[in-house]
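This report concerns a single molecular structure, shown below with its sequence.

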Amino acid sequence: MKLSKSSIVLIVALGLYLIYMFGQSESSLEIVDFSIDKSKTQTASITSNEDRNPYYGDLHVHTSYSFDAYVFGITATPDDAYRYAKGEGIKHPMGYEMKLREPLDFYAVTDHGIFLGMVNAMADTTTKASQNPLAKPFHNLNRPENLNDASFGQRANLFSSIIGGNIVEQYPYWHPRVIKAWLTKNSALALKVFDYDVHKSAWADIARAAEEHNDPGKFTSFIGYEFTSSTNVEGGNLHRNVIFNSSEAPIRPWSRIDSINPENLWTWMDKLRDKGVDSLAIPHNSNGSNGQMFEMETFRGYPIDNAYSEKRMRNEPLVEITQVKGTSETHPLLSPDDDWADFEIMNKRIGSRPPTYSMPAGGYVRDAYLRGLRLEWTRQGNPYKFGLIGSSDSHTGAGAYDENNYWSKVGLLDGTAMARGSVPLSADRVSMLIEYAEEYRQPLSISEEEQGTYTAPGFFDQWGAAGLAVAWAEENTRDSIFAAFKRKETFATTGTRAAVRFFAGYDMQSIDLNSESLIKEAYAKGVPMGADLMAEGTNSPDFIVWAQRDKNGSPLQRIQIIKGWIDPGNSVPHEIVYDVVCSDGLSVDPVTNRCPDNGARVNINDCSITQGVGSAELKATWSDPDFEPKAKSFYYVRVLENPTCRWSTWDAIKAGLKPRAGLHQTIQERAWTSPIWYVPPKDNLDIIPLAGSVSAKD
Amino acid sequence: MRKRILIFLLVGFLIYLIDIALNPEEDNKDIYISDQELISLISAWKSQVGRDPTDEEIVKIINNLVEEEILYREALLLGLDKEDRIIKRRLAQKITFLKQETLPDNPNQDVLRQFYDEHKEKYFIKPVYSFTHLFFTKETDSLARSIKALNDLLADKKSIDSDPYLLGKNFTEKTLEEIARNFGNSFIIAFDDMELNKWSGPFESSFGHHLVLLKDYRDGFYPSFNEIRDQVLSDYLTLNKENAVNQYINNVKSEYRIIINPNLKF
């Protein structure tokens, strides 16, 4: 068949066009070395401690490069964030200073991968990106005169419009950018507002800041970002922070626009690891996932299998259990017998508008651990065997870790006590909120209470001061701390600098808790937090716990060990909380497994705490009175401090008012270690859970 | 005869006009790539990647260079460089860089030394301490136990009844701030006038009492100029870049007249 001349010309033209498009590789697997040559003279050598030191840090910080931070009026840069972590003061959008009492050991700026850098570009009317009609609402958003409370309505609405996808308008399918997006596997190119150069240079700046501030031996920074995914139908939160171990990183972050399914994120991370760039992903806010963070099936609804479990564990060895948007350890409905379960519960789906209920089951860590054991029992592998860290999720570049110095998270939207719901609203603010409800078609978010008119409960008031990630590592360097993350030798705190050690083994009774060689022997004879303890016949293991208070915080009240297990014959899950050692020399009641009340109280009028009660440090060797050698189980430590005022009470007192009724007035700061899993010998049961839909063979 | 020539010329002229209209000014479409340019690109590639580029890669480099030049010329033809804020900003940046770079890269030693003297405090290196300690927990009668321990040590007794300290036993080259982080702010007074290799104490921390054995101590010092020369040089250059640019702008500002509407309402 002979083609006419014009069709030949057309085909050749199309071919050249495709070659031109294809020729420029913008693949997300392209790796860039962001390292900086620093010729600073190093005057101190790096000393390594074989017994490991606790290093305190935050792996979840947003700056103005995040689309939502910019909308919230944040102008902090990654450099500002790192300077804050090292102890300098930086400015909050409302004008006051944020400063740490004590510097942190490590920090990672993790801006949202989706639309990274785009909102700054859209707001700056001198850029090309701002000329796009879709960018108009953002123009000059953060000019100095607009950095105030009154811009609240505009900002909240812009935030929702981004999340709701109002600005993800695509080019038509025949447009060159769409074809290019398809050929180079960079879906974001197909969006009208997306400017790839801005995106790449924002990412490069974040990487550069991390490299500049990394100071091996003194301070560690990590290149990272947040993968901000959620489920398609229910909007359940599936956010994860991706942390890179070295100064080499991909040319762009893999975002929700590439694929909303976290499994594809892990595939990308696996490919990068093959190329020599190691990373890990840390899920957070499972409390806002409507039960979908820790499901019993995959994202697309298929059965979990061993390959999935291994892939998930390979890429996600840690979970962020606590942060500003609530704590995800457990929920009072899931753990009715745990008196401390009702702690900073946040029960709304992240980013939903208006804030929509998130159901508990599948959204909390303790439940996830039990689900993992159940999946393992049905031969599907255990994808929920993660260690724990805390972080902030601050969008101001600076985490607010102390209850008495709390500026929450989202800059202008919650930078004042009124906005946070701890003190009554002024008449001005009430009318502003009424206007906002009418203009943006939202439920009126005020509540008339006895003490006055407050913002409606159930949002900012549920948030709380941030947490910290702590790693047991030999030295303060990237390699050493990252290795601690991977072996899960980490613990989470609610912002306190308490320190906790946890070991399990079969010969721990022989270790003298008062000897200088306690730690060396514990490592030699047992396993640390985050590890597996293999069965030794029917021998019952012993556990060593040791905690020290935060010298600037509240004394310790008790150490608990929380055990979860499933029945060997039918996988029914159970959990129990044991008090293991009490403060002030008090003894645990062997029947109730509880410490007596040590009398620690808080004076609500001035937030002073009872003096002379509580301990500076606690340690004990403990064995499980109800040990079952055949049951798959996990044990993790929870350390509780004496109670102190919650931030909402501090706010009220500073304003000379009574705390708001209906909110917790005090909290007990706490720490949770990564669990130690007890692995019983293999059972030889034939298991068929679901009429053959899951393979019963190993 | 003349009429025909005129018509001929007219038609020719018309054709000429039509040709101009249909085929706009064809600029010289020749792109010259100099050897210098190629060599500089290849050596940039080499220093980035660490080896010589293969033939294939050199072809790619040239292709990229050519494409960029083509696109640049096409853009100029379309007048895209006029009224473009980003281009204006970039050119402003460029001249700023040029003005920064008019400084000699190698200021002489005396200038640097003077700069160093003026900014001495910035380079001060804090004193560091290396020590080990014996800890006695607050949960027991720590003060009494620590005093007894000190006496035992002085009497050369080998076994001392102390407690393990969660934050560690041996501390190497720590500044006073770092020590405060591990023991509490009040603890650092222990290090005033401490003697080397002699158990001293008891000192109180947030967690109990301690006896401290100072093993090594390095005084705070101002590093010698030679040790820190690189750092001083880079700081000096940075500061002077800023000054050079400011000076240039001030000089040149006076030559311009600004015209603006004083009554603008917005």
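The sections below take up model confidence, the domains of chain A and one of its sheets.

## Model and confidence

The structure is a predicted model. Its scores are ipTM 0.76 and pTM 0.79. For chain B, the average pLDDT is 82, and 91% of the residues score at least 70. As a general caution, predicted coordinates should not be read in detail where pLDDT is low.

## Domains of chain A

Chain A is divided into two parts: domain 1 is assembled from the segments 50–163, 195–421 and 457–462, while domain 2 covers 499–679. Where these domains of chain A meet, 26 residues of domain 1 are in contact with 31 residues of domain 2.

On the domain 1 side of this contact, two or more residues each come from helix 10 (365–377), strand 12 (387–390) and helix 11 (417–420) of chain A. Helix 10 of chain A gives the largest share of that side, with seven residues. By residue class, the domain 1 side of chain A that touches domain 2 holds 12 nonpolar, three polar and 11 charged residues.

## A three-stranded sheet in chain A

Strand 12 of chain A, which contributes to the domain contact, also belongs to an open sheet of three strands in the order 11-10-12, with mixed pairing. The edges of this sheet are strand 11 (326–327) and strand 12 of chain A, each of which pairs on one side only.

Strand 10 (residues 318–323) of chain A pairs with strand 11 of chain A in the antiparallel sense, over two bridges. Within chain A, A:Gln323 stands opposite A:Gly326 of strand 11.

Notes. Residues numbered from 1 in each chain as written. Chains lettered and ligands numbered in written order. Predicted model: local features only at pLDDT ≥ 70, side-chain atom pairs only at ≥ 80, totals over all residues. Domains from an automatic or database assignment. Contact = placed C-beta atoms within 7 Å. Helix = DSSP H or I, 4+ residues; strand = E, 2+ residues; numbered from the N terminus. Nonpolar A, V, L, I, M, F, W, Y, C, P; charged D, E, K, R; others polar. pLDDT = per-residue confidence, 0-100. Pairing = 2+ DSSP bridges.
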